[in-house]
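Trainee: Please take a close look at one part of this model. I would like a single connected account of the residue at its centre and its surroundings.

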Amino acid sequence: MGIRENTFYEGGPHIGDLIINILLGFTVICLPLTVSAVVRAIWLRYRITDRRISVTGGWMGRDRTDIIYGEIVKIVKMPRGIGMWGDIVVTLRDKSRLEMRAVPQFREIYDYMAEKVAAKTGRSIDAITS
């Protein structure tokens, strides 16, 4: 029997990211952005629980990254798509970064992750997000 986890969010990138990049794909110069948006839409999945952050992606969805909240030192969010979705960058203790692109409900997910990091590390949310 494993440890129970409560899932806050599970799903892929925002559909608006795919739609906008497909529209931009009609211009030849934006074709690489369109291809990357299609690959993200097909194989990228996020899972945010009360214990960790899991990102499954890569070619055919074969790569998986799991991060526990105690390893996070900083979280930054950046809105995109007229604020309908956004990117979240998580910095770890060893200075490595995990970029989560086109995250739907990114404000709520960002707040949830910041609360969990503050609870695990004992630092204030302001110290984590600035």
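Mentor: Asp17 is buried, at a relative accessible area of 3% in this predicted model; the cut-off for buried is under 20%. The Asp17 side chain forms a salt bridge with Arg40, at 2.8 Å from N to O. Arg40 is buried as well. This pair links distant parts of the chain. Asp17 sits in helix 1 (residues 15–24) and Arg40 in helix 2, 23 residues apart.

Asp17 also meets Arg80 in a salt bridge, here at 3.5 Å, N to O. Arg80 belongs to strand 5 (residues 72–80), so this contact ties helix 1 to a part 63 residues away in sequence. Arg80 counts as partly exposed, with 26% relative accessibility.

Now follow helix 2 to the sheet. The sheet is open, with four antiparallel strands in the order 1-2-3-4. Its edges are strand 1 (7–11) and strand 4 (63–68). On average, neighbouring strands are turned by 10° against each other, direction ignored. Helix 2 (residues 31–43) packs on this sheet and touches strand 2 and strand 3 (52–57). The helix direction makes about 50° with that of strand 2. Strand 2 (residues 45–49) pairs with strand 1 over four antiparallel bridges. One bridge partnership is Thr7 with Thr49.

Back to the charges. The salt bridges number nine. Among them is Asp66 with Arg64, at 3.1 Å from N to O. Asp66 is partly exposed, at 39% relative accessibility. Shared partners join Glu5, Arg52, Arg64 and Asp66 into one salt-bridge network.

Note on methods
Residues numbered from 1 in each chain as written. Predicted model: local features only at pLDDT ≥ 70, side-chain atom pairs only at ≥ 80, totals over all residues. Heavy atoms only, no water. Pairing = 2+ DSSP bridges. Helix = DSSP H or I, 4+ residues; strand = E, 2+ residues; numbered from the N terminus. Axes fitted to C-alpha atoms, helices over the stretch in contact; angles between N-to-C directions. Contact = heavy atoms within 4.5 Å. Salt bridge = Lys/Arg side-chain N within 4 Å of Asp/Glu carboxyl O. Buried < 20%, exposed > 50% of the residue type's maximum accessible area, 1.4 Å probe, protein only.
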